[in-house]
Each structure stands twice: as structure tokens, then as C-alpha cells.
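Welcome, and please open the structure in your viewer. We will walk through it one selection at a time.

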Amino acid sequence: MKDLTKIINNLDLTKKEDHQLQNKVPPIVKTIVDSLFYQLAYVFPAWKYTWDTEEKIKGAKKEWVKSFFENDINTKEQISLGLKKARSSNTDFLPSCGKFVDWCNPSPEDLGFPSEQKALEQCVTHRNKEKMH
């Protein structure tokens, strides 16, 4: 009987998962991700230090697509918001896919509302005014 460790080490689940993912990803998503990476390369001039080979770029694209699916990043507006925040970030280096996903999700301020802290301060101020009257 084969050693269980050898069997587990020889399993290549990534390729199987990647193949399944590639079959589920519509061509338009691939086009959008290609365009996104193209734009990210202009926004982050040090991108070449992270993605220095074609293999790394392809791997990154797969992981970013997975991250988008897992975190419900599925609109042009979300990706546009992520790019807007990328352009205002103060770094030359690429964000992780998780950081970019965070940027794609609007904050209260992005929607025209006060921050949580500011909203709390406004509630306390309003409550105190009501007690005085």
C-alpha cells in the first residue's frame, strides 16, 4: 500500500480547480480582468516586481477572478470604485486581491453618508440636544 503522505503530495488539486474555474468563467470576465490588469500596471509602476513572469500574471489573474467570485464583485461599478481607490493609494506596489476587493466595496462615505464614527458623534450630539429641551 502506498504511503498516504506520498498520495496526498502527488494530488494536484489546484490544476483541477483552475480547470473547473476556467470552464465557468465567461469570456467577458477574462476580457474585463485583462483590462483591469492592464490599468493596474499603469497605476502601480512597480507591478513588474510582483508579476515578473507571464506565469505569475496568469496565476494572479486566476486568483483575482476567484476572489471576485468569492466576494461578489460582479459589477463594472464595483471594479471602477476599486480602480478609483487604487489611483488614490499612496504606493507604487500592487495591492493584494483582498485589498482590491475591499476597495471595490463602497464605504458609507462613498455612498454620501458619514463615516461610522461621524454618525455616532452626530447621534450623541442629537441625543444630548434632545435631553436639554
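Which helix gives the most to the lining of the largest pocket? Keep in mind as you look that this is a predicted model. Select H3, residues 27-43: this helix gives the most to the lining, with 6 residues. Now add helix H5 (54-70) and helix H6 (76-88), since each of the three supplies at least two residues of that lining.

Next, colour the residues that lie nearest the centre of the largest pocket: Ile32, Asn74, Thr75, Lys76 and Ile79. The full lining has 16 residues, and by class these are 10 nonpolar, 5 polar and 1 charged. The volume of this pocket is about 320 Å³.

Now turn to the aromatic rings. The whole structure holds 9 aromatic pairs. Begin with Tyr49 and Phe93, a tilted pair with 6.4 Å from centre to centre and 50° between the planes. Tyr49 sits in helix H4 (residues 47-50) and Phe93 in the loop between H6 and helix H7 (97-104), so this pair links parts of the chain that are 44 residues apart. Show the surface here: Tyr49 is exposed, at 69% relative accessible area, while Phe93 is partly exposed, at 45%.

Then select Phe68 and Phe100. Their ring centres are 6.2 Å apart and their planes meet at 40°, so this pair is tilted. Phe68 belongs to helix H5 and Phe100 to helix H7, 32 residues apart. Are these two residues buried or exposed? Both Phe68 and Phe100 are buried.

For the last stop, add Phe37, Trp51, Trp64 and Trp103 to your selection: ring pairs link them with Phe68 and Phe100 into a cluster.

Technical notes. Residues numbered from 1 in each chain as written. Predicted model: local features only at pLDDT ≥ 70, side-chain atom pairs only at ≥ 80, totals over all residues. Heavy atoms only, no water. 1 Å grid on protein atoms, 1.4 Å probe; cavity = no way out; pocket = protein on both sides within 12 Å on 5 of 7 lines; lining within 4 Å. Points joined across faces, edges and corners; volume = space filled by probe spheres on them. Helix = DSSP H or I, 4+ residues; strand = E, 2+ residues; numbered from the N terminus. Nonpolar A, V, L, I, M, F, W, Y, C, P; charged D, E, K, R; others polar. Phe/Tyr/Trp six-rings, centres within 6.5 Å; stacked < 30°, edge-to-face > 60°. Buried < 20%, exposed > 50% of the residue type's maximum accessible area, 1.4 Å probe, protein only.
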